[in-house]
Amino acid sequence: MLRCWDPRDAPLLADAIDSSLDHLRPWMPWAHDEPRSLDERIGLLRGFRGRFDLGEDFVYGIFSRDEREAVGGSGLHTRAGEGALEIGYWIRASAVGRGYAREATAALARVAIRVCGVDRVEIRVDPANEASLRIPRALGFAEEATLRRRLPGREGEARGDAVVFALFADELDRTPVSSAPLEAFDALGRSIPL
Ligand SMILES: CC(C)(COP(=O)(O)OP(=O)(O)OC[C@H]1O[C@@H](n2cnc3c(N)ncnc32)[C@H](O)[C@@H]1OP(=O)(O)O)[C@@H](O)C(=O)NCCC(=O)NCCS
């Protein structure tokens with residue numbers, strides 16, 4: 001289940017992150033500011049919820065089907081500029097290797113193109129992050145370039161290089177993204193045709 005975080009998910013998010021710090025720190029700059037207090041997490045999730053509802057940025061939680069566990073996080077980020085959305089992802093340490101990142105990325109890529117109507121979906125990966133590189137490759141994204149020092153880094157540290165992957169709307173039907181199992185719903189729970 002992919003949906004926007006809600007402030008009341010703070011304990012689920014805490015459980016997912018606090019049990020995954022060593023796994024997340026090499027790749028997610030924000031993980032160095034962890035663990036956070038529950039109140040800080042509530043504040044963070046209020047910000048995610050607010051920006052999501054205003055259409056400014058779309059941070060998603062990845063949940064088990066019964067929504068009792070946070071499996072990880074993802075997002076459709078507007079920082080990629082006009083006509084594009086950038087997907088990011090992390091999966092809790094106890095749930096890696098089960099295809100969750102690939103499934104979530106395929107679902108969000110299709111939503112970005114079919115629901116949000118963007119022409120380009122982008123993914124940026126550290127060249128050393130083997131597990132992450134496999135996801136856009138497996139989903140048929142094209143590898144466009146390696147940009148030097150372009151990944152967001154920790155304050156005061158050099159930024160990492162970024163391998164840029166992109167999928168354009170007119171390429172979607174030729175990729176596994178088009179056939180990924182997916183149901184999408186609006187705010188009232190009505191099915192959105194994809
Ligand atoms: C990268 C990450 C999101 C992958 O999540 P995941 O749910 O395990 O990914 P999937 O199960 O969808 O697997 C994708 C592939 O990577 C493989 N894989 C998973 N963990 C791996 C690892 N540590 N090293 C190498 N390959 C790995 C899977 O077996 C699968 O391989 P396949 O293509 O041969 O089938 C997860 O490891 C993670 O959260 N890492 C830390 C945060 C991070 O790096 N985020 C990405 C920043 S760009």
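**Close-up views: the whole fold and helix α5**

**View 1. How the chain holds together.** Of the contacts in the protein with a separation of 6 or more, 58% join residues 24 or more positions apart. Keep in mind that this is a predicted model. Buried residues account for 42% of the 194 residues.

**View 2. The parts list.** Count up the secondary structure and you get five helices and nine strands. Walking along the sequence, the order goes β-α-α-α-β-β-β-α-β-α-β-β-β-β. The radius of gyration is 16 Å, close to the 16 Å from the globule rule for 194 residues, so the protein is as compact as a globular protein of that length. Along the principal axes, the C-alpha atoms fit in a box of roughly 45 × 45 × 30 Å.

**View 3. The outside and its charges.** About 10,700 Å² of the protein is exposed, and 48% of that comes from carbon and sulfur atoms. As for charge, there are 27 positive and 32 negative side chains. The centres of those two sets sit 1 Å apart.

**View 4. The two sides of helix α5.** Which residues of α5 are buried? They are S132, L133, I135 and P136. These four span an arc of only 150 degrees around the axis, which means they are on the same side of α5. A bit of helix geometry helps here: an α-helix has 3.6 residues a turn, so residues three or four places apart point the same way. Over on the other side of α5 you'll find E130, A131 and R134, which are exposed.

**View 5. What lies over the buried side of α5.** The cover for the buried residues of α5 includes two strands met earlier in the numbering, β4 (84–91) and β5 (120–125). Helix α4 (100–114) and strand β7 (162–168) are also part of that cover. Just past the end of α5, have a look at G140, where phi is positive, at about 85 degrees.

**View 6. Zooming in on I135.** This residue belongs to helix α5, which runs over residues 130–138. Is I135 buried or exposed? Its relative accessibility is 10%, and buried means under 20%, so I135 counts as buried. Setting aside neighbours within four places in sequence, what does I135 touch? Its contacts are Y89, A101, R102 and T105. For a sense of distance, pick out P181, which is 46 residues from I135 along the chain. The C-alpha atoms of I135 and P181 are 16 Å apart.

Key
Residues are numbered from 1 along each chain as its sequence is written. This is a predicted model: local features need pLDDT of at least 70, side-chain atom pairs count only at pLDDT 80 or more; totals for chains, interfaces and linings use all residues. Side-chain values use heavy atoms; hydrogens and water are left out. The radius of gyration is taken over C-alpha atoms; the globule rule is 2.2 Å times the number of residues to the power 0.38. Buried means under 20% relative accessible area, exposed over 50%, partly exposed in between (1.4 Å probe, protein chains only). Contact means heavy atoms within 4.5 Å. Accessible areas come from the Shrake-Rupley method with a 1.4 Å probe; for residues, only the protein chains shown count as cover. Lys and Arg count as positive and Asp and Glu as negative; His and the chain ends are not counted. The place of a charge is taken as NZ of Lys, CZ of Arg, CG of Asp or CD of Glu. The arc is that of the directions from the helix axis to the C-beta atoms.
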